[in-house]
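Work through the exercises below with the coordinates open. Each task is followed by a stepwise solution.

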Amino acid sequence: MTPRLLIAALGLLCLVLPAHADGDVQKIITPADKVRLDKYGETRKAALEEAKAGDPAELSELNALLAKPIVAFSDKDLTGNWQCRTIKVGNINPLVIYGWFKCKVTDDGAGWQLEKISGSQRTKGRFFDDGEKRAIYLGTGYVNENKPKPYGKGPESDMVGYAFRTGANEWRIEFPAPYYESNLDIIEFKR
């Protein structure tokens, strides 16, 4: 094979393979998801303002979650089974907090991978370092037992968010401007 054909063939192969962690999220993140992260602060602020019109008990739960101090990821291994729940903030409803489901985090040697393994709305993806106290999550959303698409296959399934650890056995991911239903999704994790 000539060098040009080899390079073209490798380029096509990369387009059909799922993204794998290589330590550089900027090589993988879609332009649309980069914009969502760039607007994270303003999106989050507007969504939390909308949440104030929600159920007072749920608003109190949300405020308690967000008031927890952020701690470093460096001294903690997230692998294992977790309870997880989704919190939807703004847009269709001011605030909705769902019940607890099951998630698991694994490590394939290239980094942590998350999979929500119960409930109808699921996610599967990978984490990338973004400083000592924050990580970037790139994943895909899917419903029930459907097969998840690889990250980068379109805005309907692509998920991007910032992960924050808040204690020895608790952390969360905040997803700015998700495609469906809300202006900010939060997945809370605990063991």
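Buried means under 20% relative accessible area. The model is predicted.

**Exercise 1.** Find what share of the chain counts as buried, and describe its accessible surface.

Solution.
- Step 1. Apply the burial cut-off: 42% of the 191 residues count as buried.
- Step 2. Take the surface: the chain exposes about 10500 Å² of accessible area.
- Step 3. Split it by atom type: carbon and sulfur atoms hold 56% of that surface.

**Exercise 2.** List the elements of the chain in order, then examine its contacts by sequence separation.

Solution.
- Step 1. Count: the chain has four helices and nine strands.
- Step 2. Order them: from the N terminus, the run is α-α-α-α-β-β-β-β-β-β-β-β-β.
- Step 3. Take contacts between residues at least 6 apart in sequence: 53% of them join residues at least 24 apart.

**Exercise 3.** Locate the disulfide, give its geometry, and decide what it ties together.

Solution.
- Step 1. Search for sulfur pairs within 2.5 Å. The structure holds one disulfide.
- Step 2. Identify the partners: cysteine 84 and cysteine 103, with sulfur atoms 2.1 Å apart.
- Step 3. Read the torsion: 80 degrees about the S-S bond, a right-handed link.
- Step 4. Place the ends: cysteine 84 sits in strand β1 (residues 80-89) and cysteine 103 in strand β3 (residues 101-107), so the bond ties together parts 19 residues apart in sequence.

**Exercise 4.** Are the two disulfide partners, cysteine 84 and cysteine 103, buried or exposed?

Solution.
- Step 1. Cysteine 84 has a relative accessible area of 0%, so cysteine 84 is buried.
- Step 2. Cysteine 103 has 1% relative accessibility, so cysteine 103 also counts as buried.

Terms used:
Residues numbered from 1 in each chain as written. Predicted model: local features only at pLDDT ≥ 70, side-chain atom pairs only at ≥ 80, totals over all residues. Heavy atoms only, no water. Helix = DSSP H or I, 4+ residues; strand = E, 2+ residues; numbered from the N terminus. Buried < 20%, exposed > 50% of the residue type's maximum accessible area, 1.4 Å probe, protein only. Contact = heavy atoms within 4.5 Å. Areas by Shrake-Rupley, 256 points an atom, 1.4 Å probe, with all protein chains shown as cover.
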